[in-house]
Amino acid sequence: MKIVFGVILSAIIWFGDDIRKNNFARPAFSVFVERDPRLLMIGAQTAGKEKQGKKRRNGNSRKPTGGGLLFHLYKNTKKRAIRFLSHSGMTLFATLFTTEEMNYQNEINIPSDSRTRRTRMTEPIRLLVRENELRPHDFILPLFASDKSAAYRHEISSMPGVYQLGLDNILRESERALEAKLGGIILFGVTDDKDETGSSAHNEFGIIQQSSREIKKRFPELLVATDVCLCEYTSHGHCGIIKEKENGGFEIDNDETVEQLVSEALSHAEAGSDLISPSDMMDGRIGAIRDALDENCFENLPIMSYAAKYASGFYGPFREAAGSSPSFGDRRSHQMDPANSDEAMRVIERDIREGADIIMVKPAMSYLDIVRRAKDEFTIPVAAYQVSGEFSMIKAAATNGWLDEESVMMESLLCIKRAGASIILTYFALDAAKILKQ
Ligand SMILES: [Zn+2]
């Protein structure tokens with residue numbers, strides 16, 4: 001039956017041009033297309049080729065006469081025979097195999113009588129078919145290192161359970177992170193030593209540099225990532241060096257900022273950072289930092305780039321935590337517009353080309369489509385930052401008894417992983433690891 005079907009279709013395609021003029025092919029074709037929509041494509045392709053050929057032939061056509069006519073007929077017949085064989089071969093193949101494959105897929109994907117609850121009925125079967133699972137080493141715990149005093153401990157009012165910590169307490173938290181088998185910690189500096197250019201960011205005795213050195217001395221197995229940005233160190237709270245514009249406004253000087261970031265990254269590397277993490281969103285900083293690291297014998301030190309960092313309202317509580325609120329203006333000139341997705345792919349691609357080893361999407365929950373796109377379009381590890389606002393929303397709702405903290409926390413983390421992130425920065429890291437251990 002299928003062979004007959006294929007031969008008829010081949011003939012229609014072959015004679016397509018002639019028959020279509022008599023409006024015969026259209027209804028006949030639609031019968032076949034109804035059976036398998038893919039044939040429409042094949043039909044269109046072959047008809048398109050016929051037309052192209054015809055145009056070319058018509059372009060330099062000459063009416064043959066006499067002996068030339070016989071030769072013309074012979075040549076034309078030969079050409080048509082070759083076309084017939086190739087078209088019918090292709091169509092037969094499509095009829096026999098493509099429709100077969102499509103029917104098979106339809107049967108598998110849309111079973112009319114399926115009971116999908118069968119694989120959800122008991123915990124053992126649910127475990128057996130589970131596609132994603134969280135592990136403690138998926139998490140990186142953000143820590144706010146303060147230079148106030150070694151014993152300093154100050155709870156951030158908008159982030160219950162999260163503290164600014166002096167060196168002794170940073171070491172204590174690092175030990176807990178190691179015991180919980182977390183993927184690592186990331187250090188953010190909190191200091192009053194601020195100026196216009198954020199120069200304390202590359203002070204070798206700065207709080208990040210001191211903390212990194214001490215942690216690596218005591219717990220060499222713990223991965224220590226360090227945040228590279230200027231907003232924690234500038235008096236105005238912006239991520240870069242501010243330049244006044246002629247019309248009285250201001251802008252961040254991209255290239256001068258990059259120079260400062262390079263010095264900061266190098267001082268982190270010298271202090272023992274295991275993962276340089278630039279979060280500033282200046283152009284060209286990944287390439288500049290990579291070059292500087294390579295020139296200074298840190299060619300094996302990886303960079304995690306905050307590549308797709310959006311200008312988000314979810315950062316509110318963090319700015320209190322890191323003391324990095326801008327005193328004027330906002331960060332929309334360098335952080336990304338939440339409306340854009342293609343732009344994120346461009347920035348990620350650029351950062352990979354410049355030398356990023358891991359790319360990050362920030363925030364996580366409202367940007368899971370970006371995490372998934374990044375995972376699908378690039379083969380580099382993707383990190384996602386479950387930011388302060390995401391953490392605080394869950395905490396606030398749980399405190400009010402509106403949500404169950406434990407289940408929502410685990411669900412939010414699992415869904416970030418399912419979206420494609422293999423690394424999750426989260427303030428829940430220790431709590432989640434504890435639950436996973438049970
Ligand atoms: Zn910043």
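Helices (H or I, at least four residues) and strands (E, at least two) are DSSP runs here, numbered from the N terminus. This is a predicted model: local features need pLDDT of at least 70, side-chain atom pairs count only at pLDDT 80 or more, and totals for chains, interfaces and linings use all residues. Residue numbers start from 1 along each chain as its sequence is written.

**Overview**

The protein has 16 helices and twelve strands. Of its 438 residues, 36% count as buried. A residue is buried if 20 or more other C-beta atoms lie within 10 Å of its own, exposed if 12 or fewer, and partly exposed in between, with C-beta atoms placed from the backbone. Two residues are in contact if their C-beta atoms, placed from the backbone, lie within 7 Å. Among contacts between residues at least 6 apart in sequence, 73% join residues at least 24 apart.

**Core**

A nonpolar core is a set of buried Ala, Val, Leu, Ile, Met, Phe, Trp, Tyr and Cys residues joined through C-beta atoms within 7 Å. The largest one has 90 residues. Those with the most contacts inside it are Ile140, Ala145, Ala308, Met360, Val361, Val371 and Ala384. Leaving aside neighbours within four places in sequence, Ala384 is in contact with Met360, Val361, Ala364, Val371, Ile416, Ala421 and Ile424.

**Two helices**

The expected span of a helix is 1.5 Å times one less than its number of residues. Both helices below agree with that rule.

| Helix | Residues | Expected span | End C-alpha distance |
|---|---|---|---|
| α8 | 207–218 | 16 Å | 16 Å |
| α15 | 405–419 | 21 Å | 21 Å |

In α8, the buried residues are Ile207, Ile208, Gln209, Ser211, Ser212 and Ile215. They pack against β1 (139–146), α7 (167–179), β4 (184–190), β5 (224–228) and α9 (254–271).

In α15, Met409, Ser412, Leu413, Ile416 and Ala419 are buried. Seen down the axis of α15, these residues fall within an arc of 125°, so they line one face of the helix. The arc is that of the directions from the helix axis to the C-beta atoms. An α-helix has 3.6 residues a turn, so residues three or four places apart point the same way. Ser407 and Glu411 are exposed on the face of α15 turned away from its buried side. Cover for the buried residues of α15 includes α13, β11 (382–386), α14 (388–399), β12 (423–426) and α16 (429–437). Just after α15, Gly420 takes a positive phi of about 130°.

**A parallel strand pair**

Strands pair if DSSP finds at least two bridges between them. β5 and β8 run parallel and are joined by four bridges. Thr226 has Ile276 of β8 as its bridge partner. Leu275 and Ser277 point one way from β8, while Ile276 and Pro278 point the other way. All four are buried.

**Backbone exceptions**

Most residues other than glycine have a negative phi, and most peptide bonds are trans. Met281 has a positive phi of about 70°. Its place is the loop between β8 (275–278) and α10 (285–295). Met281 is buried, with 25 other C-beta atoms within 10 Å. Cys297 also has a positive phi, near 65°. This residue lies in the loop between α10 and β9 (304–309). Cys297 is exposed, with 9 other C-beta atoms within 10 Å.

The peptide bond from Lys362 to Pro363 is cis, with omega near -5°. Pro363 lies in the loop between β10 (358–362) and α13 (368–377).
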